[in-house]
Structures are given as C-alpha cells and as structure tokens.
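Here is a protein model to explore, with a few places worth stopping at along the way. Have the 3D view open as you read.

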Amino acid sequence: MIEAPDLSLGALAPFLLVFGAACVGVLVEAFAPRERRHPVQVAVALTGTLGGLLTTLLLAGERQVTAGGALAVDGPAVFLQATIAGLGALSLLMFAERSLDPARSAFVAAAAVPAGSPRDRELMTATRVQTEVYPLTTFAIGGMMLFVASNDLLIMFIALEVLSLPLYLICGLARRRRLLSQEAAVKYFLLGAFASAFFLYGLALVYGATGSIRLSVIRESAAAQAGGGVLLVLGLALLVVGLMFKASVAPFHAWTPDVYQGAPTPVTAFMAACTKVAAFGAILRLLYVGFGTSEWTWRPLVYGIAIVSMVVGAVLGLTQTDLKRMLAYSSIAHAGFLLTGVLGYGGGADGTALGVSGTMFYLLAYGLTTLGVFAVLTLVRDGDGEATHLSKWAGLGRRSPLTAAVMALFLLALAGIPLTSGFTGKFAVFRAAIDDGAWPLVVVALLASAVAAFFYLRVIVLMYFSEPAADGPTVGVPGLPTTLVLAVTVTATVVLGVIPGAVLDLAEQAAGFVG
Amino acid sequence: MTDFPWLLAMIAVPAVGAAVVAALPRGREETAKQAALGVSLVVLLLAVLATAAFDVGGERFQLTTSVPWIPDFGVDFALGVDGIALVMLLLIGVLVPVVVLASWRDEPVGRRSMRTFFAWLLLLESFMVGVFAATDVFLFYVFFEAMLVPMYFLIGSFGGPRRQYAAVKFFLYSLVGGLVMLAAVIGLYVVSANELGEGTFAFDTLRQVEIDPDVQRLLFLGFFVAFAIKAPLVPFHTWLPDSGAEAPIGGAVLLVGVLDKVGTFGFIRYCLPLFPDASRDLAPYVLVLAVAGVLYAALLAMGQSDMKRLVAYTSVAHFGFIALGIFAFTTEATTGAVLYMVNHGLSTGLLFLVVGMLIARGGSRQVGDYGGVARQAPLLAGVFLVAGLASLALPGTNSFVSEFLVLIGSFPTRPVFTVLATVGIVLAALYVLLVYQRTMHGPPRGVLLEPAPEASAPGTGSPAPVGGGGATAATATLDAPAAAPARLRVHDLTPRELAVAAPMVALVIALGVYPQPLIDLVEPAVAATMSDVGADPAGVTPEAPGGTD
C-alpha cells in the first residue's frame with residue numbers, strides 16, 4: 001500500500017497556477033481560432049504568472065517542507081519565486097509587443113518552415129503571429145520556480161529540464177535572422193544536454209556517497225564524513241558544473257554569447273533575467289542546504305570560478321561590437337559578482353548568511369535592469385530588424401534623447417555607479433564576501449567592474465558624444481507592453497538605488513533556508 | 001536659525017534646479033541660463049548664511065542633519081561640516097555662479113543645447129556639496145562616485161576635439177580609484193563591526209575604532225589610491241591634463257577648482273584621522289610623490305604649447321604642495337594646505353577663465369598663436385597677469401599666504417622635502433611669466449591678426465579653430481607685411497566677462513591681504529585632525545616616537 005505524501009495545497013498554489021496556465025495555453029493553441037489566439041494566450045500567460053506572483057507573496061514568512069519532503073517553502077524560495085514570476089510576467093509583456101516590428105511580432109510565424117524557402121519569404125511579411133511561445137514560456141517560468149524550491153536533487157533535475165526544454169525551443173523562434181536563431185537553439189540544446197548529463201551524473205555520485213537525494217540528508221551525511229569521500233566531492237563538483245552552466249558562469253559560458261545574440265531579443269531578456277535567478281537560487285540551495293556543513297568542499301571551487309567568470313566576462317566584453325554579445329559577456333561578469341555573494345557564508349542575523357540576502361537582492365536588481373536594457377534594444381531598429389551593432393547607436397542621444405537617457409541609466413546601473421540598483425547590489429554581495437574574509441576576491445571583482453565599466457561607457461560615449469550617422473536606425477515608438485516594462489524597470493533601477501532599504505529588509509528576512 | 005538644514009538645502013536646491021533646467025522646453029536657452037545663475041546664487045547665499053551660523057569655537061561638526069537611509073547597511077544620510085568642509089562649500093558657492101556666467105556665450109559643438117550643460121552643472125554642484133558635507137563614509141562614497149557622471153557628460157558633450165577620449169579617461173581613472181576605495185570602505189565597515197559589535201559608517205564613530213596597524217595600512221592604501229588619483233599626485237596624474245584641456249572652460253574650472261580638491265580633502269578628512277598609524281608610517285612615501293609632482297609637473301608645464309594643458313599641469317604641481325602640507329603633520333602646514341585648496345581654486349580658476357576668454361577670441365589653444373594682446377586688450381592682460389601672479393604665489397596674492405604657511409610649517413619636520421619643493425616656486429614663476437609674456441606682449445601676431453588688405457598666403461600651420469568663438473574667418477599670417485603696423489582684431493573684456501573676473505580678482509587680492517578669517521575658520525578643524533593623527537597640535541615635533549624620518 002502506497003501512502004499518499006503529505007501535500008500542502010497552499011504551498012503548491014503558485015505551481016498549480018503557473019503550470020495550470022501553461023496547460024490551458026496548450027489547449028487554447030489547439031482549439032481557439034487563430035485570430036483570437038494572441039490576446040487570449042497573453043491573457044492566460046499573464047494571469048498564470050501574476051497569479052503565481054500573488055500566491056507566492058501570500059506564502060511570505062512560511063517555513064515548511066512539503067510534498068513528501070521534495071519541496072521547500074522558505075524565505076529564499078519565496079523571494080526568488082516571486083522574483084522569477086515578476087520578471088517572467090514582464091518578459092511576457094515584451095513578448096506580446098506588437099507595434100515595433102512591421103510584421104507585428106518578434107517571433108517567426110511558422111518555425112518549421114525552412115529558413116530562406118519561398119514559403120518562409122512569404123511568411124516573412126505576413127502579419128500572422130505564432131503563439132506557442134506563451135505556453136512554452138509559462139512552462140519555463142514554472143520550471144524555474146520549482147528549481148529554486150526543490151528540496152531534493154531529483155526534483156531539482158526535473159525542474160532543470162522543465163525550464164530548459166522550452167527555452168531551447170523559443171531560442172530558435174526569431175522572425176529575422178532565422179539561421180542565426182536556429183543555430184543558437186541547437187548550440188544551446190547540445191551544450192545544455194551535456195550540462196544536464198553532468199548534473200545527473202553528479203546526482204548519481206552524491207546518491208552513491210550519501211545514500212539519499214534529499215538535501216537535508218546529504219547535509220548530515222556530508223558532515224559525518226568530514227574529510228570527504230571522493231564520490232561526494234566529485235559528485236558535488238559535477239552538480240556545480242551543471243548549475244554553473246545554466247547560470248552562464250565562465251568557464252561554462254561558451255554558449256552564452258551565441259545564444260544571446262541569436263535568440264529573439266525578448267527571449268534573450270527572459271533568459272538573462274529569469275534563468276539567472278533560477279540557476280543562482282538552485283546554487284544557493286544546493287550549496288547552503290546540501291553542503292552547508294562542508295563548506296571546505298565547495299569554497300575553493302566557487303572562489304576560483306568566480307574569478308574566472310569576472311575576468312573572462314569583463315575582458316572579452318571589451319572586444320565586442322554587437323550589443324547583444326556585449327550584454328552576454330556582461331552577464332558572465334555579473335555571474336562572477338553574484339558568486340562573490342554566494343561565498344558570503346555567515347554574518348547575517350539569526351545565523352543566516354549575509355551572502356544569501358545579498359545575492360537575492362542582486363538577482364532582483366540585475367534581473368530588472370537587464371530586462372530594461374533588452375527592452376531598449378528592441379526599440380532601436382533598422383530595415384533588418386533590431387540594430388544591435390554598436391556603430392548604429394552613434395548619436396542616439398541627439399536623435400532620441402529619452403531612449404538614450406533610459407539606456408544610459410541602465411548601463412550606469414550595470415556598471416554599478418552609486419544611486420542605481422546595480423551599486424546597491426554590488427555593495428551587498430561584496431560586503432558579504434569581505435565579511436567572510438574573501439577580500440582578495442572582492443578586490444579582483446572591483447577591478448573587473450572597472451574593466452567592465454569601460455564597455456558600458458563606450459555605448460554612452462557613442463550615444464551622446466558621437467555625431468549621428470546619416471542613415472542611422474530609427475527608434476520605434478513602443479506599444480503599451482514595452483512601455484510598461486520600461487516604466488517598471490526604470491523605476492526599479494532608480495528606487496533600488498536611492499531607497500533600497502525596504503527591499504533589502506525583505507531579502508534579509510527571507511535569508512533563512514529550511515531543510 | 002541654527003536648526004535650519006543648511007547643508008540639505010545646499011544639496012537639494014541645485015538638484016531641483018537641475019531638474020527644472022533640464023525640463024525646460026527646447027529653445028528656452030535664455031531662461032535656462034537665468035535659472036542656473038539664480039539657483040547658483042541662492043546656493044552661494046546659503047553657503048554664506050551657513051558660515052554665519054557656524055560657531056568657530058564650537059563642536060567639531062556643526063549644522064548636522066542625520067536620517068537613517070539604508071538601515072540594513074547601517075548607513076545614515078548624515079551631513080555636517082567642520083571648518084575645512086565649510087570653506088570648500090564657500091568655494092563651491094563662489095565658483096559655480098562665476099562659471100555659469102563665464103559659460104553664458106558658449107556655443108557647444110553640434111548644436112548641443114546649453115540647457116543640458118547648465119542642468120549637468122547644477123547637478124554637479126549638488127553632488128559636490130554632498131561630498132564635502134557627508135559625515136557618513138558610505139554617503140561620501142556615493143557622492144564621490146556620483147559626481148563623476150555629470151562631469152563625464154560635461155567633458156564628453158561640451159568639450160574640445162578629443163573630448164571622447166578625455167571623458168572616458170577621466171571616468172575610468174576616477175572609477176578605478178573609487179572602486180579600490182569601495183573595497184576599503186567595506187573593509188572599514190567590517191572592521192568596525194568586529195570591534196564594536198555593530199558595523200557603522202559614521203565618521204565620528206569610526207574615528208575612535210582602534211584598527212590593527214597592518215589592516216590600517218591596507219585600508220589606508222585603498223583610500224589613498226582613490227584620493228591620489230582625484231587630486232592627481234604624480235604617477236596618477238595623466239588624466240588631468242587631458243580632461244583639463246578638453247573640458248569646456250566652465251567644467252575645467254570646477255574640475256581643478258573643486259572636484260580634485262575632494263582628493264586632498266579626503267587625505268585630511270579620512271586618511272589621517274581614520275588610519276593615523278598607517279599615515280605616519282607611509283607619509284615619507286607620500287611626500288616623495290608630492291615633491292616629485294611639484295617638480296615634474298612644473299617642468300612639464302613649461303614644455304606645453306597648449307594653454308589649457310599648461311594650466312592643468314600647474315595644478316598638478318600645486319597639488320603636490322598641498323599634499324606636502326598635509327603629510328607634514330603640523331597644524332601650520334595643514335592649515336596652509338587647506339588654505340591652498342581654496343586659493344588654488346580661486347587663482348587657477350581665474351587663470352582658466354582668462355585663458356578661456358582668450359581662446360574664445362582666437363579659437364586656438366596654442367600659446368604660439370597669440371602675441372601682443374595686451375596693447376589692445378589691457379583689461380584682459382591685466383586679469384591674466386593677476387591670475388598668473390596668484391598662481392606663482394606672489395606676496396599680496398592669496399596663494400602666497402598658503403604656500404608660505406605650507407613651507408614654513410613643513411620645514412621643521414621635513415626639511416629636505418621642503419627645500420626641494422621650494423625649487424618648484426622658481427619653476428612656477430618661469431612657466432607663468434613665459435606664457436604671459438608670449439601671449440600678451442611682444443609684437444602682435446597669431447590668429448588674432450587683422451587680415452592684411454591684400455590677403456597674401458593663408459594660414460601658416462595654425463591649428464583649426466576650436467570651439468567656435470570669434471575666429472571663423474581668422475587667417476593667420478605670421479609674416480605680415482612689415483610696412484603697415486600689424487593690428488590685432490581683438491576686443492577687450494565685455495561687461496559680462498568683467499563680471500566674471502572682478503569678484504575673482506577681488507577675492508584673490510582680499511585673501512592675500514587679509515586671510516585671517518579663513519585661517520580662524522580652518523584652524524580648529526585642522527588641530528583636531530592633528531590630534532587624531534597623534535601629531536603635536538603645536539606643530540613643532542609632530543613625529544611619533546620611533547618615527548621613520
């Protein structure tokens with residue numbers, strides 16, 4: 001007789017809503033008439049994610065393990081789920097933008113038609129839109145929310161797949177430069193599959209070493225065999241590799257520039273913001289809950305990877321001439337900064353880690369700013385779609401002062417200039433790291449920030465101090481969805497920089513793991 | 001009225017002013033200028049009133065305001081001034097309206113709007129006030145970095161031909177310094193958390209924390225690098241000539257007049273009191289940089305053909321003097337250094353302004369493109385002379401008092417460095433007088449020459465006109481026919497330019513003749529700093545036992 005596991009429906013409500021919306025989306029895709037689909041899909045997806053956000057917020061303060069011990073409902077889970085749901089909803093708004101592209105959508109009308117074929121050229125100018133992207137994205141959001149809450153390694157793996165598979169697909173759905181987009185999807189899929197395999201292998205080894213996939217049991221077992229079995233350490237290393245891949249941390253970053261460049265810009269925004277949050281949520285949970293008592297096993301590893309990631313991101317970012325690639329390297333550098341926060345293992349109130357609250361705040365701030373940057377990117381267009389080559393942005397400050405000002409704000413935030421959210425985030429993670437004695441790492445991080453600042457500045461120089469080119473790009477007038485995204489992200493970037501107290505407080509209160 | 005939040009008002013007024021000016025519709029340039037002038041005059045008034053409310057013999061920090069800002073980081077929005085900060089606020093108050101007036105007729109390249117220029121200028125003023133008025137180290141850091149942004153845009157949007165390069169170089173140098181300081185700021189916080197149980201950024205609390213000497217040395221270096229880049233000491237100075245030369249005149253005045261003073265102010269306010277042991281240990285090395293700066297920059301200044309670069313290099317030399325005064329650890333020398341900070345802002349500011357007026361007439365920055373201007377523009381030449389003499393510290397000008405105080409205060413403790421620095425004074429006389437003589441006296445020549453009746457050969461290699469001005473049709477003919485006495489096409493100071501120069505000249509002379517009020521204002525704060533650093537306030541034997549000299 002199998003006993004039904006103990007399920008707390010309240011704790012599961014966010015998942016039910018988001019996955020429910022995704023399933024409804026699939027049904028809509030099958031049954032609703034084509035011309036009605038777009039608004040309905042957008043409505044369903046937004047209802048799901050915003051409902052997920054609300055129900056998550058209602059769970060604030062909850063601390064329990066449910067679903068037979070497979071799911072944790074605790075501060076970090078709730079905070080990060082809410083972050084993912086919120087950022088996901090904003091990304092969906094960007095997906096739904098229809099007034100920028102002359103063909104009314106950033107997504108290809110029929111992904112299965114070979115690129116460059118007569119049929120493809122025909123569809124190129126058609127205003128038919130494709131709406132599978134909404135349920136796919138909703139699934140991905142659900143997977144991400146599960147990822148940060150999973151209390152055992154198997155659930156974590158399933159969540160990893162649930163979030164990854166739709167992402168691979170939607171990367172290949174760009175309406176323009178389709179081959180580039182499909183190449184990106186294949187690359188992402190291949191490398192992602194490897195990463196999943198690493199994760200799975202690590203899971204097996206850890207299970208072999210500890211006899212359990214439950215994080216709390218692993219923790220006890222790891223503590224008991226201090227000095228470490230080879231299996232355990234090896235398994236941990238493989239798990240970390242799998243997660244670092246998703247977080248686009250160097251040296252596991254090779255896919256990032258190509259995929260960021262090839263994917264449709266709203267999808268890039270979604271990946272850059274939400275995937276990063278989810279991956280770091282999982283990293284935090286794995287390291288703090290699963291291996292919290294054997295810090296020595298992962299500390300040197302994370303320390304080294306953080307340095308590599310910051311240096312690679314900052315230095316290679318310098319040589320980029322395409323904005324999306326540049327932002328990809330910037331994302332790699334930021335992953336390194338986030339890892340300095342992960343190292344801040346202690347110092348918080350009630351035995352929590354300063355690093356957890358710092359990293360969570362950073363993720364929120366970085367996610368919002370990144371969404372904003374990519375939203376601006378979708379506005380600047382020429383005949384061939386988005387004008388992402390740097391030289392196209394020359395003199396934008398003169399031609400379109402508001403767009404340029406918004407972009408400059410985001411870039412300054414990414415560079416970590418005070419009075420923007422980027423600075424508060426950096427300060428929070430660096431404080432956690434120094435508090436834990438990792439000041440050499442912080443010095444490296446600061447130097448990397450200075451190098452990275454150069455490429456952010458270069459865009460500002462181009463926009464403001466260069467003369468506009470004669471045949472420069474046009475700046476589209478965004479419709480309501482993108483305007484909304486920009487309004488939210490600009491406000492958040494400023495507010496989290498000037499008066500971050502309330503959100504920092506929330507992050508600090510939410511820093512305690514269960515399990 | 002002592003409860004009035006003077007400092008908060010001095011930060012808020014220009015910030016709001018900047019927003020208003022930026023929000024003005026296109027084409028309302030005149031309104032923008034008037035608004036900027038009005039706002040900056042209000043700030044000056046506030047600065048004067050704040051000084052009146054300041055009790056010289058009272059508490060160290062006065063006019064304090066403090067509200068919690070980011071409780072999680074232990075950060076307060078805490079403002080307050082001692083005598084040193086107060087005189088810097090007065091300097092800001094004086095310089096900004098002068099700069100606004102001096103930029104009145106600027107025509108930026110590419111039809112950029114002067115509205116934006118004045119908006120950035122006012123925002124810069126707000127941040128500059130903040131950086132001097134902050135008594136919370138975190139808040140100081142925030143203003144320190146935020147200040148870069150408006151200056152970056154001022155240089156990059158409104159500067160000379162190489163403005164992009166100069167702007168990026170300026171930003172990156174300062175940012176690197178700032179980030180190193182950020183590491184030290186966080187380190188300081190963590191140290192205070194370990195010592196006091198709860199981390200703090202409050203300057204007054206941090207001052208009392210005992211820090212391990214080795215840690216002190218690291219933290220000192222973190223702060224020092226940032227400040228040494230800001231107030232360029234010699235190996236860190238290369239950005240200043242570029243920025244000074246490419247910045248619009250108004251920006252250049254504020255850059256060397258105020259922005260760079262944050263560096264020397266930082267030495268006095270943060271390096272010395274927070275890390276007294278490290279300051280004493282490392283002082284000899286700092287002094288080597290300081291004196292090297294005095295001599296090296298003076299030599300470089302003599303070699304410059306670009307007037308703005310020349311003035312920028314003179315500033316590097318002056319900053320060497322200021323650093324010498326600070327790290328000599330006597331009350332006299334440091335008082336001299338603080339006075340020097342103010343006086344340098346006035347004299348070099350004036351020098352930049354008058355050079356700017358000359359450039360506006362001729363359109364060239366080269367010394368060789370001018371000659372004999374004094375004959376037709378005696379007022380301009382007179383102001384140039386006053387600025388130059390103040391810059392070389394002639395007795396009777398303001399700089400003399402401060403330079404003399406620095407030297408006489410440093411000599412008892414650091415005789416060798418002081419004697420070496422004295423050579424710099426001779427060099428200063430050379431570079432200032434040479435440029436004055438070449439441009440203002442001698443036969444008329446250069447870009448301002450009246451075109452000869454039968455225009456012979458056009459320009460002989462004079463650079464292209466820079467930044468507009470009245471040089472559109474000026475063709476240089478160095479070998480004009482000797483028959484007709486050559487005449488320059490140059491007008492003397494306009495009433496607006498007189499209004500710019502007059503208050504500066506007046507201050508240069510007034511503070512040269514009667515500096516006592518300023519000294520009285522500064523001295524208590526300096527004495528307090530000296531007692532923090534463990535030097536004898538009397539200023540005779542400041543060496544700590546076992547000192548390294």
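Let's start with Arg162(B), which is partly exposed, its relative accessible area being 42%. The word has cut-offs: buried means under 20% relative accessible area, exposed means over 50%, and partly exposed is in between (1.4 Å probe, protein chains only). Before going further, know that this is a predicted model, where local features need pLDDT of at least 70 and side-chain atom pairs count only at pLDDT 80 or more, while totals for chains, interfaces and linings use all residues. Residues are numbered from 1 along each chain as its sequence is written, chains are lettered from A and ligands numbered from 1 in the order in which they are written, and side-chain values use heavy atoms, with hydrogens and water left out.

**Salt bridges**

Which residue does Arg162(B) meet in a salt bridge? The partner is Asp242(B), with N to O at 3.8 Å. A salt bridge here is a side-chain nitrogen of Lys or Arg within 4 Å of a carboxyl oxygen of Asp or Glu. Arg162(B) sits in the loop between α6 and α7 (163–196) of chain B and Asp242(B) in helix α10 (residues 239–246) of chain B, so this pair ties together parts 80 residues apart in sequence. The helix numbers come from DSSP runs (H or I, at least four residues, for helices; E, at least two, for strands), counted from the N terminus. Asp242(B) counts as buried, at 6% relative accessibility.

Over all chains, the structure holds 27 salt bridges. Here are three of them:

| Pair | Closest N to O |
|---|---|
| Lys187(A) and Asp258(A) | 2.7 Å |
| Arg299(A) and Asp436(A) | 2.9 Å |
| Arg162(B) and Asp242(B) | 3.8 Å |

Take Lys187(A) and Asp258(A), which form a salt bridge. They link distant parts of the chain: Lys187(A) is in helix α7 of chain A, Asp258(A) is in helix α10 (residues 255–262) of chain A, and they are 71 residues apart. Lys187(A) is partly exposed at 29% relative accessibility, and Asp258(A) is partly exposed at 22%.

Now for Arg299(A) and Asp436(A), whose side chains meet in a salt bridge. Arg299(A) belongs to helix α12 (residues 295–318) of chain A and Asp436(A) to the loop between α17 (421–435) and α18 of chain A, so the pair ties together parts 137 residues apart in sequence. Arg299(A) is buried at 16% relative accessibility, whereas Asp436(A) is partly exposed at 26%.

**A nonpolar patch**

Helix α7 of chain A turns up again on the surface. Leu165(A), Val186(A), Phe189(A), Leu190(A), Leu191(A), Phe194(A) and Phe198(A) make a nonpolar surface patch of about 650 Å². Patches use residues with over 30% relative accessible area and no salt bridge; like charges are joined within 9 Å, and nonpolar side chains (Val, Leu, Ile, Met, Phe, Trp, Tyr) within 5 Å. Helix α7 (residues 178–210) of chain A gives the largest share, 6 residues. One of the patch residues, Leu191(A), is partly exposed at 32% relative accessibility.

**Pocket and cavity**

How much space lies in the largest pocket? About 1600 Å³. Among its 50 lining residues, the closest to the centre are Ala405(A), Ala22(B), Thr116(B), Trp120(B) and Leu123(B). By class, the lining has 36 nonpolar, 9 polar and 5 charged residues.

Cavities are another matter: on a 1 Å grid over the protein atoms alone, a 1.4 Å probe fits in a cavity but cannot get out, while a pocket is an open set with protein on both sides within 12 Å along at least five of seven lines, and lining residues have an atom within 4 Å of a point. The whole structure has 9 cavities of 30 Å³ or more. The largest cavity holds about 110 Å³ of space, and its lining divides into 4 nonpolar, 3 polar and 5 charged residues. Met94(A), Glu97(A) and Arg98(A) are among the lining residues.

**Backbone oddities**

Look at the loop between α9 (230–246) and α10 of chain A, the place of Pro251(A). A cis peptide bond joins Ala250(A) and Pro251(A), with omega about 5°. Ser248(A) is found in the loop between α9 and α10 of chain A too. Its phi is near 45°, a positive value in a residue other than glycine, and Ser248(A) is buried at 1% relative accessibility.

In chain B, Ala393(B) is not a glycine either, yet has a positive phi of about 65°. Ala393(B) lies in the loop between α17 (378–391) and α18 (398–410) of chain B, and is buried with a relative accessible area of 9%.

Methods: Points joined across faces, edges and corners; volume = space filled by probe spheres on them. Nonpolar A, V, L, I, M, F, W, Y, C, P; charged D, E, K, R; others polar. Areas by Shrake-Rupley, 256 points an atom, 1.4 Å probe, with all protein chains shown as cover.
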